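Visitor: Could you show me around this protein and tell me how you back up the words you use?

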Amino acid sequence: MAALDPSITVAVVGAGAMGQGIAQVAAQAGHPVLLVDTRPGAAQAAVESIAKALTALVEKGKRTAAERDATVDRLRAVNGLSDLASAGLVVEAIVEDLDVKRRLFAELESIVGADAILATNTSSLSVTAIGAGVQRPERLAGLHFFNPAPLMALVEIVSGLATDAAVLDTLFDTAKAWGKSPVRCRSTPGFIVNRVARPFYAEGLRLVQEQAADPATIDAVMREAGGFRMGPFELMDLIGHDVNFAVTRSVHAAYFGDPRFQPSLIQQELVEAGRLGRKTGRGFYDHSPGAAKPVPRNAEPAPKPQRVTVQGDLGPAAALAGLLREAGVAVEETAGPGILLVDGVTLALTDGRTATARAGGDGIAPLVLFDLALDYAKATRVALAPADGTPTDAVAVAAGLFQALGKAVSVVDDAPGLVVMRTVAMLANEAADAAMQGVASAADIDTAMTKGVNYPLGPLAWADRIGLPHVLAVLDALARTYGEDRYRASALLRRKISGGNRFHG
């Protein structure tokens, strides 16, 4: 099946930010576009807003004046649904209300041609449930863009229970022709992104709740060690806590209270206080004019070590040996359990246990754990967690090692899995369950998370890089520590390990 021919008219119902963006994308791809909204004048205002946005791109040299004019000429605001009869594709981008959407599509069925495709941009409602309200649900599918639609590459092509495969193929090819990165998924709560992304926020919120670290420190570690563009708290402040909390509650309820999606009392309190983030001037951070920028916790400068012993395979942190040599530190490599010895202090990559539990269980003292980094050569910050009772000078030794590599060091409380490792493990775990349940393929899940929310790696590709046994060890340790089903490891992850396989390749 091929993409819709550019001569085919695309109709967009709803002229809000998302509808406006979708209309712009379709018009830029060469389609005549009809835009309608129940609010008087809203559709015409959206056309004018698109023209203004394109003019700004012309002024920046990113579009030509001819391209702008051609795109605007293809846009037309119309007065009502009856004006959409010529459309070959209708995309709704209206309020997230099941009954309202059902009524809209039922009306559209009597207006558009028999071959027209009906698409919903819903981000949280069941495509199957929406389709149940029309006579021909086989031609209705989800076409979920991400905001702002002209800039964000991802489009989730969502199949309802009755959606025809040919309709899905056409939407997939059309999204690709529009310059997007489409992925296929089934209509399950949260689709791909809004489901798999929940641990990114949830683990940060739990760390704050347990006083392991403050939001600014966690955000800095996730950015500067994890490679994420934003940390969870600054991202929640940007999205809006009312929106983010509502999505979490919706997914939690849709999965019948699965503890993996449990909402946070901390975020609920912010919503109740009206501290919704940037849009209200206050969330986890103060966004008022002139407010001081939050500063992460930084360890005091410590001496550079002269000699380090690397015992065994450091796994995901194997690059540290070479980096230490490049920094002028003498490195001796011997057999052992995958640890670093520096001036009588043991350093180890977190395996999900607390440093205190690991020190007692393995008979190691003093012990300081360090966190995962996306790339230890490029990371500018590393988080450390000492076991309870570790002397201050031992923590300084550990900090000095990473400072010698040019990295800032944040010492956090002894939280299991630290910051980046536990978050990535939980993201990979949720992605594995989504793949196991047939929500989407492993490749599409990773594409969705990199293109839709700008993760530095897809969670399943990251799990492959870390090593699936290490990811499983982290999850199992978290489950033992908390005694909660929230941290249960995916059966697919266990199966991949038993079969000696990876998620990719």
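Guide: Here come a few questions about one residue and one pocket. This is a predicted model, where local features need pLDDT of at least 70, side-chain atom pairs count only at pLDDT 80 or more, and totals for chains, interfaces and linings use all residues. Residues are numbered from 1 along each chain as its sequence is written, and side-chain values use heavy atoms, with hydrogens and water left out.

Visitor: Why is Glu92 called buried?
Guide: Buried means under 20% relative accessible area (1.4 Å probe, protein chains only). Glu92 comes out at 0%, so it counts as buried.

Visitor: What makes the link between the side chains of Glu92 and Thr120 a polar contact?
Guide: The term needs a pair of N or O atoms within 3.5 Å, and within protein one must be able to donate a hydrogen and the other to accept it; residues adjacent in sequence count only if both atoms are side-chain atoms. Here the polar contact is 2.4 Å, so it fits the 3.5 Å limit.

Visitor: How do you know that the largest pocket lies between domain 1 and domain 2?
Guide: Domain 1 (10-187) and domain 2 (193-280) both give residues to its lining, so it lies between them. The domain bounds come from an automatic or database domain assignment.

Visitor: What kinds of residue make up the lining of the largest pocket?
Guide: There are 22 nonpolar, 11 polar and five charged. Charged covers Asp, Glu, Lys and Arg; nonpolar covers Ala, Val, Leu, Ile, Met, Phe, Trp, Tyr, Cys and Pro; the others, Gly among them, are polar.

Notes. Buried < 20%, exposed > 50% of the residue type's maximum accessible area, 1.4 Å probe, protein only.
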